[in-house]
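Hi everyone, thanks for having me. Please have the structure open on your screens, and we'll walk through it together.

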Amino acid sequence: MELTPQIKDKLNQLQEKYAAMGQDMSAYLDGLLYADFLTYWDYIHLDTLLSLQNPKTPFPDEEIFIMYHQITELYFKLSLHEFSQIAEHAELTTKFFTERVKRINTYFNALVTSFEVMVNGMEKEQFLKFRMSLLPASGFQSGQYRMIEICATDFGRLIDKSKREELANATIEEQFEYIYWKFGATELASGKQTLTLKQFISKYADQFLQLIKERRETNFAALYHKLAAKGEDVSTLADELRKLDLYVNVEWPLSHYKSAVRYLERDPVDIAATGGTNWQKYLPPRFQKRIFYPFLWTEEQMEEWGKSWVLSVLKTLRNEA
C-alpha cells in the first residue's frame, strides 16, 4: 500500500505524541502487528453481562425481576455520568447544561415507559413466592438513585417535609438524620428501623454525606441559580428541569406504586414490601411532596403535586381488578 501524504502526516503526529511522553513509537507499532481485532462481545463484556443473573428460586419470572433491576441501575449510572459532567464542567454554559439534562430525561423516560415489565410482566403468584427469598433486600436500597437525588437539588429539599423549616440551618449530618427515605423504611408494626434501612445506611451513609458536601454548590438547583444570576436565558433549561422533577419525583415513584398495588395490595390487609417498607405512605408523590425545584412551579402546582397521577392510576387498577 502506498504511503499517502495523509498516512505520513498521521505517522508524524503519532511520533510527536509518543516522543512527548518519552516513548518509542516503533514499539507501539510492533504491538499493533500482533493485536487481535476487537469484537462486539469482548468490548461490552457480553458473556460476563449475561452471566450476572443468579435467581434464588426455581420460579422463571424471578429472572425477569433481576434483569429489570440491573437495567435500571445501568440507566442510573448513565444519569450520574451526565450529572458529573455538568457539576464538574470548568466553564458551564446554559447550552451544555440543558443538553445534558435532556439526556438524563431520556434515560428516565425509558425507565418509566418500560416499567410495565414490572407491573404486568410477571405472574403474581410467582412473584409473591420468590419475593420471600429476597428478604431483606429491597429496591429501596438503590444507592445510585439516592445519589441522583443529591446531585439534582439542594439537600434541604430531601429532608422530611415536617422537618425542613426546623433544620434549615442545621449541619449536613443533622439534616441527614431526617432525610425523607428513612421514614419510608420503618417496620409497619413497631415503627422501628428495618434491617433493610440499617444495611443501607451502613453501606452508603459515608458516600452520601461526602457527595452532599461536594454538591453543595454544584447541584442542579444551585447551578441553575448561578446561570440565571448572570442574566442568561434559562427558559429552556427550566423546562428540562421541570421534566426531570416530574420524572424523578412523580413518574418513577408512581411506576413503583402501580407495581406495589398490583402485587402487594390485598383486602383487607396489605402485604408488606420485601424490606418491610411502608410503601403505601412512602411511594405516593402526593404524600412526600418531594420537589427539587419549587422556584419553577406555582403554589397550586405544588399543592396538587402528584395527586392526579396517583388517583388516575388507582382508578385504572381498580377497573382492571
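Let me begin with a word we'll need: a residue is called buried when its relative accessible area is under 20%, exposed when it is over 50%, and partly exposed in between. Please also keep in mind that this is a predicted model.

Let's try that word out on a charged residue. Is E240 buried or exposed? Its relative accessibility is 7%, so E240 counts as buried. You'll find E240 in helix α13, which covers residues 235-264. And what does E240 touch, once we set aside residues up to four places away in sequence? The answer is T98, V101, K102 and N105.

Now for a contrast, look at K56. This lysine is in the loop between α4 (46-49) and α5. K56 has 64% relative accessibility, so here the label is exposed. Leaving out neighbours within four places in sequence, K56 is in contact with E62 and S133. Try finding F130 as well: 74 residues separate K56 and F130 along the chain, while their C-alpha atoms are 7.7 Å apart.

Next, the aromatic rings. How many aromatic pairs does the model have by the rule used here? The count comes to 25. Let's look at one of them, F76 with F108: the ring centres are 6.0 Å apart and the planes meet at 35°, so this pair is called tilted. F76 belongs to helix α5 (residues 61-87) and F108 to helix α6 (residues 94-114), so the pair ties together parts 32 residues apart in sequence. Both F76 and F108 are buried.

Compare that with W297 and W305. Their ring centres lie 5.2 Å apart with the planes at 75°, so this pair counts as edge-to-face. Are these two tryptophans buried or exposed? W297 is buried, because its relative accessibility is 14%. W305 is buried too, because its value is 2%.

Going back to our phenylalanines, F76 and F108 also belong to a cluster linked by ring pairs, together with Y68, F115, Y145 and W252. If you colour those residues on your screen, you can follow the cluster by eye.

Rings can also have a charge above them. The charged end of R146 sits over the ring of F140, 5.0 Å from the ring's centre. K203 does something similar with Y204, lying over the face of the ring at 5.4 Å from its centre.

Let's stay with Y204 for a moment. Where is Y204? This tyrosine is in helix α11, residues 195-214. Y204 has a relative accessible area of 16%, so it is buried. Not counting residues up to four places away in sequence, Y204 touches Q141, G143 and M147. With G143, the C-alpha atoms are separated by 6.8 Å, although the two residues are 61 apart along the chain.

Last stop: the surface. Which residues make the nonpolar patch of about 410 Å²? They are L3, L11, L14, L29 and L32. The elements giving two or more residues to this patch are α1 (5-20) and α2 (25-34). Take L29, which is placed in helix α2. With 32% relative accessibility, L29 is neither buried nor exposed by our opening rule, so the label is partly exposed.

That's my tour. Thanks for listening, and do ask me anything you'd like to go over again!

Methods. Residues numbered from 1 in each chain as written. Predicted model: local features only at pLDDT ≥ 70, side-chain atom pairs only at ≥ 80, totals over all residues. Heavy atoms only, no water. Patch = residues over 30% accessible without salt bridge, like charges linked within 9 Å, V, L, I, M, F, W, Y side chains within 5 Å. Areas by Shrake-Rupley, 256 points an atom, 1.4 Å probe, with all protein chains shown as cover. Salt bridge = Lys/Arg side-chain N within 4 Å of Asp/Glu carboxyl O. Helix = DSSP H or I, 4+ residues; strand = E, 2+ residues; numbered from the N terminus. Buried < 20%, exposed > 50% of the residue type's maximum accessible area, 1.4 Å probe, protein only. Phe/Tyr/Trp six-rings, centres within 6.5 Å; stacked < 30°, edge-to-face > 60°. Lys NZ or Arg CZ within 6 Å of the ring centre and 35° of its normal. Contact = heavy atoms within 4.5 Å.
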